[in-house]
Amino acid sequence: MKQQKVAIIGGGITGLSAAFYLQQKARKEKRDLSITLFEADHRLGGKFQTIRQDGFVMERGPDSFLERKASAKQLAIDLGLEDQLVRNQTGQAFILKSGSLLPIPEGAVMGVPTRLAPFAFTPLFSLKGKIRAAGDLVLPRLSYEQDISVGSFFRKRLGDEVVEGLIEPLLSGIYAGNLDELSLAATFPQFVRMEKEHRSLVLATRRSRPSNQGTGSKKGMFLTLKHGLAGFVEALENQLSAVSIRTGTHVNGIKPLESGFRICTDSGQDWEVDSVVVTLPHSVTRRVLPEHPALVGPKESNQATSVATVIMAYEKQAIKQDIEGTGYLVPRREDTTITACTWTHKKWPHTTPDGKALIRCYVGRAGDDSIVDEEDETIISKVRKDLKTISRIEDEPVYTQVSRWKQSMPQYGIGHATWVEHMEKEIQNQWPGLFLAGASYRGIGIPDCIDQGKQAVESVWRFIQNRETSYKEQ
């Protein structure tokens, strides 16, 4: 039987997951499969970049993943990294309002209140804003003939004040997006289901929360690896023994053939394969594929936002205002450069040596990401100015690191989910054996990307089986 050849384009977590689980599948089924992974950079891992220095564990990109989305934890187990998993410390999170840090009301889930007393007494909102939000308890179900924006949905249920003062900074922290342009169906479809089943969003969220038994402390929802998320990349690279990994190889074209595809690279060497998994950002995917109308999505889905992370390490005594908590979020209306700040030494104590403090700030959001193009010194100066005003941190940091992620946060515009479904069908009709996966399509979180890599493996396997069946019937 002819050896089937598969190319995986992109060596971020989606592509690496696809390569790993395809290798596992081939071994389990005892199939001789040729797998080649192409990565333009000279290193694998994409945004997974960990700095280990002087006892610090510092993440330039993502720092953790949600445990309830099982695929990332399962990947750690499959790689033999289960003993390296670390859970975050819980604590109070804050919202910046008029220059002051105010606690997020206890019981708020993604900004939706589930406990009325903390919400009723919070200084985050005016009495008028609280009364408007309470209207969710009596409002009828809203009818949707088409997809709507996240902002529109929450404004109708809870009012502008709660949206702009709490929900916007919470949810924008995930997508770095504009809530009034983000697709509800593509980002938070669970809220549509909750409203449909329970009518009131507040009641639905309250009923869906697990009841806390006993008097033990709250359990953190996030996991990471003890020595940083780069541990995933290192383990994957070590275990991909049946995969040919070609780093520093830029794919500049994928040409469909009568049977299969030609992978064209900047080295001048081409590869002919039977199936391709493309895990690149969609804007890059459009450049390497032939033109096709289905590849053009909603306006916002063709765009991406730039962000930057700013790591600052301090002597512990530099933190004059040592608030117990994990960090804070900043609504758009506040006059700051920072969009969010994590007190890493409190949220992830294992990352910071004794006597030190570690802070990670975020800058850049949809419609306001020009700061990312500034020089390091300018970004650091503006962030330090905010930290001095908000937290009274005046000392020089002992270490700083600015990491820019240009056009890295996909924006799921209204109609995004419908477009992705249509695009996938059209591509399979036009170019059977080619599959798209990654943050541009069905979720930007680490588990979402791993899930898409695994789904691509199933799609490739079905394609190979169907092709072989077709050969046998001829």
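User: What makes a side chain count as positive or negative here, and how many of each are there?

Analyst: Lys and Arg count as positive and Asp and Glu as negative, while His and the chain ends are not counted. On that basis the protein has 61 positive and 57 negative side chains. The place of a charge is taken as NZ of Lys, CZ of Arg, CG of Asp or CD of Glu, and the centres of the two sets lie 5 Å apart. Do keep in mind that this is a predicted model, where local features need pLDDT of at least 70, side-chain atom pairs count only at pLDDT 80 or more, and totals for chains, interfaces and linings use all residues. Residues are numbered from 1 along each chain as its sequence is written, and side-chain values use heavy atoms, leaving out hydrogens and water.

User: How do you know whether the radius of gyration agrees with a compact globule?

Analyst: The radius is taken over C-alpha atoms, and the globule rule is 2.2 Å times the number of residues to the power 0.38. For 474 residues a compact globule would have a value near 23 Å; the protein has 24 Å, so the two agree.

User: Why is Thr351 called buried or exposed?

Analyst: Buried means under 20% relative accessible area, exposed over 50%, and partly exposed in between (1.4 Å probe, protein chains only). Thr351 has 5% relative accessibility, so Thr351 counts as buried. Thr351 is found in the loop between helix H12 (344-347) and strand S18 (356-363); helices (H or I, at least four residues) and strands (E, at least two) are DSSP runs, numbered from the N terminus. Leaving aside neighbours within four places in sequence, Thr351 is in contact (heavy atoms within 4.5 Å) with Gly55, Phe56, Val57, Thr344 and Leu358.

User: And what makes Met110 buried, exposed or partly exposed?

Analyst: Met110 has a relative accessible area of 28%, which means that Met110 is partly exposed. Met110 is found in the loop between strand S8 (100-103) and helix H3 (116-121). Although Met110 is not a glycine, its phi is positive, about 55°.

User: Why is Ala176 called buried or exposed?

Analyst: With a relative accessible area of 8%, Ala176 is buried. Ala176 lies in the loop between helix H6 (160-175) and helix H7 (184-187), and has a positive phi of about 50° although Ala176 is not a glycine.

User: What makes a set of residues a nonpolar core, and which have the most contacts inside the largest one?

Analyst: The set must be buried Ala, Val, Leu, Ile, Met, Phe, Trp, Tyr and Cys residues joined through side-chain atoms within 4.5 Å. The largest such core has 43 residues, and Leu22, Leu33, Phe65, Leu75, Leu79 and Phe232 have the most contacts inside it. H15 gives the most to this core, with 9 residues.
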